[in-house]
Amino acid sequence: MASITIKGLTKSFTGDAKQAAVSDLNLDIKDNQFITLLGPSGCGKTTTLRMIAGYIVPDAGTIHVGDQLVSSRDNVVSPDQRGMGMVFQNYAVWPHKTVYENVVFGLKIRKTPTAEAKKKVDETLGLVNLRGYENRYPNELSGGQQQRVALARSLVVEPEILLLDEPLSNLDAKLREQMRVELKRLQRSTGITFVYVTHDQAEALALSDQIAVMHGGKLQQFGSPHEVYSKPANRIVADFMGLVNFIPGKVLAIHGGSGTIEAGSLKLIAPVPAGTGVGDTVEVAIRPENIKLTTGGAASAKITERTFLGNICEYYAALDSGQTLRVQTHPTQVFSAGDAVAVEIDATQCSVFRNQSA
Ligand code: ADP
Ligand code: MG
């Protein structure tokens, strides 16, 4: 059983609980899942991962692996007794050892017989597409290949859990995307529980079964990629999970779970959070892909800027009420700066957040 249960996990480096690096974190990580800790730099991802690994003692809270308590304030099972592997951003392969020597290391420590070790290294190099590279040194490999050596070195000892801290962030964009696919395949084919750390929301969406969005040491939302993207729990999550337009508005009417909202010059019927009332001030979060620009209808905005991005075109459209919307369209839809356009919004896909003071 390689499920991980985290309860009330807290760690402060300063002794000030208000500025805790990780604060009252609760997470239920199921066996054989790819889960990602996602959030901006400094939000507590690495601290969380290092507590799971056993390198940092929590101030409060517990971590269980299966039924076994592995971390609490008074009791920390040492990292090498946890059945976990770890992969870092900076590869951390030994420059003076060959690929084979790097990968076989963990087996040698475990005194695995040579023939068996050889077989396991070969299988693992197969998994990460590095067969044939056994005798190369790291400086004869690309960054992506070095990171695969680091992966193989962790995988060869057959951990139940693999912890990965921004393992792709030193690779160039194209390689990063290729490695994403490989990591996902690797997780599926090995059945190892992956706990992955990244600040890159696209990476998190592409890889994960579940994403834990963190901010300021606190868990903001734990859900599937689709949930955190389409149904963000709060403004912080909405803002972090990709481009979004926030338009301030006022609730004019409530009908069931929806509200009629006047937002600038837009009037929208959108799902609203429970407890929302008529007169509340809100913010409507609108993703660029849920906005359609057309000509011919009653114009309500003016194009102020156009950026061609290859597969999409991005426009800034100024509403009559003054706010600017960021919109993305198919590149064949070409408007020019100054064009008057009608704005159509798929409000069913919008998120509405009540202002805290309301
Ligand atoms: P992330 O990995 O999300 O970028 P970290 O977990 O590394 O964030 O850091 C969370 C917070 O804890 C940051 O404010 C960071 O400065 C602080 N921090 C992390 N490690 C230490 C440390 N060893 N000593 C003091 N402060 C630390
Ligand atoms: Mg970090």
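Student: What makes R153 count as lying over the face of W94?

Tutor: This is a predicted model. In it, R153 lies over the face of W94, at 4.6 Å from the ring centre. A charge sits over a ring if CZ of Arg is within 6 Å of the ring centre and within 35 degrees of the ring normal. The 4.6 Å for R153 and W94 is within 6 Å, so the distance part is met.

Student: Which residue lies over the face of Y229?

Tutor: R287 does, at 4.2 Å from the ring centre of Y229. That is within 6 Å, so the distance part is met here too.

Student: How many aromatic pairs does the structure hold?

Tutor: Four.

Student: Why is the pair of F34 and Y196 called tilted?

Tutor: The ring centres of F34 and Y196 are 5.5 Å apart. Rings pair within 6.5 Å, so these two qualify. Their planes stand at 45°. Stacked needs under 30 degrees and edge-to-face over 60, so 45° is tilted.

Student: Why does this pair tie together parts that are 162 residues apart in sequence?

Tutor: Because F34 lies in strand β3 (residues 34-38) and Y196 in strand β9 (residues 193-198). Both F34 and Y196 are buried.

Student: What makes the pair of Y315 and F335 edge-to-face?

Tutor: The angle between the planes of Y315 and F335 is 70°. Over 60 counts as edge-to-face, so the name fits. Centre to centre, the rings are 5.4 Å apart. Y315 is in strand β18 (residues 313-319), and F335 is in the loop between β19 (324-329) and β20 (340-345). Y315 and F335 are buried.

Student: Which residues do ring pairs link into a cluster?

Tutor: F34, F194 and Y196.

Definitions and conventions:
Residues are numbered from 1 along each chain as its sequence is written. Chains are lettered from A and ligands numbered from 1 in the order in which they are written. This is a predicted model: local features need pLDDT of at least 70, side-chain atom pairs count only at pLDDT 80 or more; totals for chains, interfaces and linings use all residues. Side-chain values use heavy atoms; hydrogens and water are left out. Rings of Phe, Tyr and Trp (its six-membered ring) pair if their centres lie within 6.5 Å; planes under 30 degrees apart count as stacked, over 60 as edge-to-face and the rest as tilted. Helices (H or I, at least four residues) and strands (E, at least two) are DSSP runs, numbered from the N terminus. Buried means under 20% relative accessible area, exposed over 50%, partly exposed in between (1.4 Å probe, protein chains only).
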